[in-house]
There are 2 protein chains.
Amino acid sequence: MAAPAPPTTHLAHELRETLGRVVRRLRAEPGPPIPLLSVIGLLDREGPASVSELAATQRMRPQSMAQTVKELEAAGLVSRRPDPADGRRAIVELTPAGRTTIRDSRAAREDWLSTTLDDQLDAGERAELRRALALLDRIAGA
Amino acid sequence: MAAPAPPTTHLAHELRETLGRVVRRLRAEPGPPIPLLSVIGLLDREGPASVSELAATQRMRPQSMAQTVKELEAAGLVSRRPDPADGRRAIVELTPAGRTTIRDSRAAREDWLSTTLDDQLDAGERAELRRALALLDRIAGA
DNA sequence: TATTGTTATACTCTATAACTATA
DNA sequence: TATAGTTATAGAGTATAACAATA
């Protein structure tokens, strides 16, 4: 007979611990902080978006995202233009410098995480991780 | 023929985003902060440990773990006693209150994460997540 | 009134630097 | 000298509260 599954409280505990370990490992790498990379990566892939939209996709408060966008703007990586259809909204988009930053870092393989995922995991494991991210997003959305 | 795997840079990007979303979702829940829960959960499962040992399992600096342990001690959830064999070391262990706290929160299902993992994922998906955590720990260890 | 966004402020988490005490 | 631990300090990341402007 198969071994019984460990209780879910164990999984919860291990998830909390692993999350902490990975986030700290990521932060230990030099380069732009995680939230900044997430946002410019998102803008590169999905195109311009408002602050509220960015906040929603990251499940972050709009006030917090405003800070992040302000930092990116100060660094010259994104710019804002008013939404012609709605004076309240501002559309955030990558500047050429921002696009260069995110693409160069990928092309030059300066991205520690990408490199490590390639080195430490095989193709099947990467696919497995991809599927698990969908599960984690389901948890995040609950 | 099978669809080609998306480039690893996409996986890296999605991993960063998902990690952020889950951590923020977890933090939004009332109750003890993640690092505190991790430590008392670990002590409950593995038994007493020194500050350095706790720091190593969490891949955290000993100075940072000292802060966490200080908070737990102030809250009366852990206590310290000198290691009889090595005067430099202090052994951290759960107090009865600490043990009650971690176990009650589980028994009473006050633990949002455990409950959500049970509600949102089926047994196969939880097993899949468990395997993925091992992959993430490999990344964290690299 | 509701929505979009911002600024001010504070708290959590974790790091580095500098130190003490014991081995 | 090396190791275990601490305190002081700083910085990143994010939240709540209060506000202005537009719909």
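Which element gives the most to the surface near DNA strand C? That element is α4(A), which contributes four residues, where helices (DSSP runs of H or I, at least four residues) and strands (DSSP runs of E, at least two) are numbered from the N terminus.

This is a predicted model, in which local features need pLDDT of at least 70, side-chain atom pairs count only at pLDDT 80 or more, and totals for chains, interfaces and linings use all residues. Residues are numbered from 1 along each chain as its sequence is written, chains are lettered from A and ligands numbered from 1 in the order in which they are written, and side-chain values use heavy atoms, with hydrogens and water left out.

**DNA strand C**

DNA strand C is surrounded by 24 residues, and the closest are A:R24, A:S52, A:R80, B:P33 and B:S64; a residue is near a strand if one of its heavy atoms lies within 4 Å of it. Of the atoms of DNA strand C that come within 4 Å of the protein, 69% belong to sugar and phosphate. The residues of this surface divide into seven nonpolar, eight polar and nine charged, with Ala, Val, Leu, Ile, Met, Phe, Trp, Tyr, Cys and Pro counted as nonpolar, Asp, Glu, Lys and Arg as charged, and the others, Gly among them, as polar.

**DNA strand D**

Around DNA strand D there are likewise 24 residues, of which A:P33, A:S64, B:R24, B:S52 and B:R80 are the closest. Sugar or phosphate makes up 71% of the atoms of DNA strand D within 4 Å of the protein, and the rest belong to bases. By class, the surface near DNA strand D holds seven nonpolar, eight polar and nine charged residues, and its largest share, four residues, comes from α4(B).

**Polar contacts with the DNA**

The table lists polar contacts, each being a pair of N or O atoms within 3.5 Å.

| Residue and atom | DNA atom | Distance |
|---|---|---|
| A:R80, side chain | strand C, phosphate oxygen | 2.2 Å |
| B:Q67, side chain | strand C, base nitrogen | 3.3 Å |
| B:G87, backbone | strand C, phosphate oxygen | 2.8 Å |
| A:Q67, side chain | strand D, base nitrogen | 3.4 Å |
| A:G87, backbone | strand D, phosphate oxygen | 2.7 Å |
| B:S52, side chain | strand D, phosphate oxygen | 2.5 Å |

The elements that give two or more residues to the surface near DNA strand D include α2 (34-46) of chain A and α1 (8-28) of chain B.

Definitions and conventions. A polar contact is a pair of N or O atoms within 3.5 Å; within protein, one must be able to donate a hydrogen and the other to accept it, and residues adjacent in sequence count only if both atoms are side-chain atoms.
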